[in-house]
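Biologist: Could you take me slowly through one part of this model, and explain how its pieces are arranged around each other? I would like to follow it residue by residue where that helps.

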Amino acid sequence: MDVMVVGGGGREHALVRALKNSPKVTKIYALPGNGGIASLAECVPIGATDLPAIVDFATSHQIDFAVVAPDDPLVLGAVDLLEAAGIPSFGPTAAAAQIEGSKTFAKELMRRHHIPTAAYQVFTDQDAAFSYLADVTYPIVVKADGLALGKGVIIAESESQAREAVHSMLSGEAFGDSGRQVVIEEFLTGPEVTVLAFTDGHTVKPMVASMDHKRIFDGDRGPNTGGMGVIAPNPFYTSEVAQYCAEHIFQPTVAALSAEGNPFRGCLYFGLMLTPDGPKVIEYNCRFGDPETQAILPLLRSDLLTIMQAVHDQRLDEVEVDFADQASCCVVLASEGYPGQAQVGRPITIDSVEDGYTHVYHAGTKLDEGQLVTSGGRVLAVTATADTLPQAVERAYQALDHISFEGAQFRRDIGAAALRKVDHP
């Protein structure tokens, strides 16, 4: 089969590598791909949001199956257009992708269907929001309603910080139209857990639970990013917690979307907080997480394409989704200036790193006259697998010694909280 993967980041590199292992796959096209994906697939210089060009390419090249990975094209309706053109595709429709495309949509869905989440209010008027902020307990969380590259969440420690966040969002200064409606919600505490799940609109098959590290600096300090590293499995996600989430969050969410006429078929991302009052939903994403995918897919033993086809055909209950009983650690190397203005065009040196249990996934890279250079904020994701989490963390950081580019920054404490939990259950 000829497969097309839409996107060009580290997540897509991980997806392409997993799909390449399928005996069904004859060729993979990546639109647009990146400098690392180029060694596994034919990269085509078509942007992930250029939907007419994507559909035209898929039809003219008789693509057998398409995987739409990023949030933007999903929310814009890429899967709807591809399916209408006769291209079987993995990913939700635009209607179902609203669960990430609009935080208001997601919060109100949870309210209607009694899915546990933080208390919240929605505002489009600045004065009304300011009045509300004068009478809340801090810290408080301010979220841009729409897509914001994983950066549209501000944890405000004071009223002045909250007012500044609301103003920058509602004025359009921070995130354009994505922030012209804001969700203000209570600040939850507890360990964070990410669970990605395959679903065909009926059956839900969760993947290995993971722990993302969103802040740019060690100790969870500094601004939010798209993600600076991940470990899996998440030791805070016990079998009892998993059972509760399956019964009260995962299945109810999928059932709610189907009941309201927006059946979700694809990968549904559950961002959870294990609060003293039980697990609650922090956010949904309508696709594979980044960099969670880079940590989880190396543990997948089942054939990814077979699973994706089963999701598309609504027969997920018929296929096995099996993961190795191992651990993984993914550390992201980012450009100088990220998550602000990233410095790009810096030459990258990668010594021999890949050894069967260590993988280097490219995100913001490109080939410039044969030289690999930085081309984005998050540049590379280094993932190592091992029988135990401490071994996986050690291997990932050892691999970083063999990679360099000017201004590279990375966190040195990925997995630290999880390791403390492992040492002291």
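**The parallel sheet and its helices**

Modeller: Before we begin, please keep in mind that this is a predicted model. A good place to start is the pair formed by β4, which spans residues 65–68, and β5, since these two strands run parallel and are joined by two bridges. If you look at Ala66, you will find that its bridge partner in β5 is Ser89.

This pair belongs to an open sheet of five strands, and reading across that sheet gives the order β3-β2-β1-β4-β5, with parallel pairing. At its edges stand β3, made of residues 42–43, and β5, made of residues 89–90, each of which pairs on one side only.

We can now add the helices that lie across these strands. Helix α1, residues 10–20, lies across β1 (2–7), β2 (27–32) and β4, and it runs at about 170 degrees to β1. Helix α2, residues 51–60, lies across β1 and β2, and α2 likewise runs at about 170 degrees to β1.

Helix α2 deserves a closer look, because Leu51, Ile54, Val55, Phe57 and Ala58 are buried there, and these residues cover an arc of only 160 degrees around the axis, which places them on the same side of the helix. When you ask what covers these buried residues, the answer includes the strands β1 and β2, together with the helices α3 (71–76) and α4 (78–84). Just after α2 ends, the chain reaches Gln62, which takes a positive phi of about 50 degrees.

It may help to set this part beside another sheet of the model, in which four strands form an open arrangement with the order β6-β9-β7-β8 and antiparallel pairing. Its edge strands are β6 (120–123) and β8 (153–156), each pairing on one side only, and the twist from one strand to the next averages 20 degrees. Within this sheet, β7 (residues 140–144) and β9 (residues 182–186) run antiparallel and are joined by five bridges, and you can find Val141 standing opposite Glu185 of β9. Here too a helix lies across strands: α7, residues 126–133, lies across β6, β7 and β9, running at about 155 degrees to β6.

How values were computed: Residues numbered from 1 in each chain as written. Predicted model: local features only at pLDDT ≥ 70, side-chain atom pairs only at ≥ 80, totals over all residues. Heavy atoms only, no water. Pairing = 2+ DSSP bridges. Contact = heavy atoms within 4.5 Å. Axes fitted to C-alpha atoms, helices over the stretch in contact; angles between N-to-C directions. Buried < 20%, exposed > 50% of the residue type's maximum accessible area, 1.4 Å probe, protein only. Arc of directions from axis to C-beta.
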